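Subject: The structure I promised you

Hi,

Here is the structure for you to open and turn around on your screen. Have a look first, then read on for what turned up in it.

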Amino acid sequence: MRELHRTKGSGPEICRTSFVASSLLTRFPVWGGQAFRFTAAALLLGAFCGRRWRMVQAWSAGVWLRIVGLAITGMVGYNAAIITAERTAEPAVPGAIVGCAPLAVALLSPLLQAHSPAARRLAAAGLVVLGTYVVQGFGRTDGSGLGWSVVALACEVAFTFLAATTLTLTGPLLAPACASAVAGLLSCAIAFAVEGTVWLRVPQASEAAALAWQAVAATAIGFLRWCCGIDQIGTERSALFLGLIPLSAAATAPLAGTGHLDITQIVGCLMVAGGVILGMSRTLGPYEPAKSPKSG
């Protein structure tokens with residue numbers, strides 16, 4: 001199959017970036033953009049850690065392995081899989097596959113804790129996944145594009161569970177700050193290896209604005225709030241909100257002139273909203289107790 005046209009950046013980046021901002025980076029080096037966003041996010045989050053940095057000195061090798069795991073699965077690995085998938089797949093393909101993350105988490109989370117999945121939560125996750133599919137649809141692909149899309153899904157699910165175990169040891173602020181720093185270093189190395197020194201070029205005004213949005217809103221704030229959500233309401237409920245990101249993209253694309261909102265997408269948005277409400281309307285089960293915020 002011939003290589004399909006793709007938008008450089010990080011593809012749809014279902015979980016932690018802006019669809020619209022990516023459309024402004026079609027000519028900017030792919031991994032250069034990743035290196036900038038993760039490094040800038042690390043510096044921003046690090047500035048708010050304050051005295052919490054003292055806790056890092058007491059971290060064991062196991063904690064640092066988890067931090068590296070977060071950077072590899074949810075950041076560098078995820079984006080690498082999306083970028084590779086879009087070489088032979090339309091962007092909607094990895095978007096639809098990764099959109100299955102809420103259902104995968106709803107199935108695996110209780111099983112990992114020796115409990116049967118709750119029918120209500122499975123129904124809620126299924127409704128979110130179906131609504132996400134209705135919003136963005138499915139595109140053309142080949143075996144490679146489909147396979148790498150599945151890898152991206154695996155990275156997203158692994159990141160979610162890894163974050164849940166890491167936050168109990170680090171708190172919801174230090175973990176994203178350190179993981180972003182590791183992801184920034186890894187992305188710089190990949191950028192040099194793949195793109196040479198081209199990625200060091202000065203971005204144009206529109207590119208700089210898009211990179212700033214990705215670094216601040218989509219990465220630093222998004223990663224922090226995602227960790228806080230997992231820390232406070234657990235993995236299953238947090239995963240439901242992944243379905244809201246394609247909704248925000250569908251809503252903002254017409255404003256940026258990069259798409260339109262039709263009746264089908266509106267129906268899909270209502271389905272996702274219904275799934276989130278259904279999943280949040282019941283008290284937590286015995287296998288996923290509520291967690292109090294960490295001081296770190």
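Let's start with the nonpolar core. The model is a predicted one, and its largest nonpolar core has 44 residues. If you want to find the members that touch the most others, go to Trp 59, Ile 67, Leu 70 and Val 157. Several helices chip in at least two residues each: α2 (30-49), α3 (61-85), α5 (101-112), α7 (143-170), α8 (174-195) and α9 (205-233). Which of them gives the largest share? That is α8, with eight residues.

Leu 70 is a nice place to zoom in. Once you skip its neighbours within four places in sequence, Leu 70 is in contact with Met 75, Phe 159, Leu 162, Ala 163, Thr 166, Ala 175 and Ala 179. There is also another core, lying apart from the big one, and it is made of seven residues, including Ala 106, Ala 124, Leu 240 and Val 272.

Now zoom out for a moment. How many helices and strands does the chain have? There are 12 helices and zero strands, so the pattern along the sequence is simply α-α-α-α-α-α-α-α-α-α-α-α. The chain runs to 296 residues, and 51% of them count as buried. Now take the contacts between residues at least 6 apart in sequence: 87% of these join residues at least 24 apart.

Next, the aromatic rings. Searching the whole structure gives three aromatic pairs. One of them is Phe 159 with Phe 223: the ring centres are 5.5 Å apart and the planes sit at 50 degrees, so this pair counts as tilted. Phe 159 belongs to helix α7 and Phe 223 to helix α9, so the pair ties together parts that are 64 residues apart in sequence. Are these two buried or exposed? Phe 159 is buried, at 0% relative accessible area, and Phe 223 is buried too, at 1%.

Another of the pairs is Phe 192 with Trp 199, and this one is edge-to-face, with 5.1 Å from centre to centre and 85 degrees between the planes. Phe 192 is partly exposed because its relative accessibility is 44%, whereas Trp 199, at 11%, counts as buried.

While you are on helix α7, check two more residues. Thr 160 lies in that helix and is buried, with a relative accessible area of 1%. Leaving out neighbours within four places in sequence, you will find Thr 160 in contact with Val 105, Trp 226, Ile 230 and Thr 235. Leu 146 is in α7 as well, but Leu 146 is partly exposed, at 37% relative accessibility. Not counting residues up to four places away, Leu 146 touches Ile 97, Phe 138 and Thr 141. Ile 97 is 49 residues away from Leu 146 along the chain, yet their C-alpha atoms are separated by 8.2 Å.

Helix α9 is worth a slow look too. It has 29 residues and reaches 39 Å from its first C-alpha to its last, close to the 42 Å expected. Where does α9 bend? The bend is at Gly 222, by about 35 degrees. Just after the helix, Gly 234 takes a positive phi of about 90 degrees.

Another glycine to click on is Gly 243, which is found in the loop between α10 (235-240) and α11 (244-256). Gly 243 is buried, because its relative accessible area is 2% and the cut-off for buried is under 20%. Setting aside residues up to four places away in sequence, Gly 243 touches Val 128, Thr 132 and Val 272. Val 272 also turned up above, in the core of seven residues. Gly 243 and Val 135 are 108 residues apart along the chain, and their C-alpha atoms are separated by 9.9 Å.

Last stop: charges. Side chains of opposite charge can pair when their charged atoms come close. How many salt bridges are there? The count comes to one. It joins Glu 207 and Arg 201, with the closest N and O atoms 3.0 Å apart. Glu 207 is buried, at 4% relative accessibility, while Arg 201 is partly exposed, at 29%.

Happy exploring!

Technical notes. Residues numbered from 1 in each chain as written. Predicted model: local features only at pLDDT ≥ 70, side-chain atom pairs only at ≥ 80, totals over all residues. Heavy atoms only, no water. Core = buried A, V, L, I, M, F, W, Y, C linked by side-chain atoms within 4.5 Å. Buried < 20%, exposed > 50% of the residue type's maximum accessible area, 1.4 Å probe, protein only. Helix = DSSP H or I, 4+ residues; strand = E, 2+ residues; numbered from the N terminus. Contact = heavy atoms within 4.5 Å. Salt bridge = Lys/Arg side-chain N within 4 Å of Asp/Glu carboxyl O. Expected span 1.5 Å × (residues − 1). Bend = angle between axes of the 7 residues up to and from the residue. Phe/Tyr/Trp six-rings, centres within 6.5 Å; stacked < 30°, edge-to-face > 60°.
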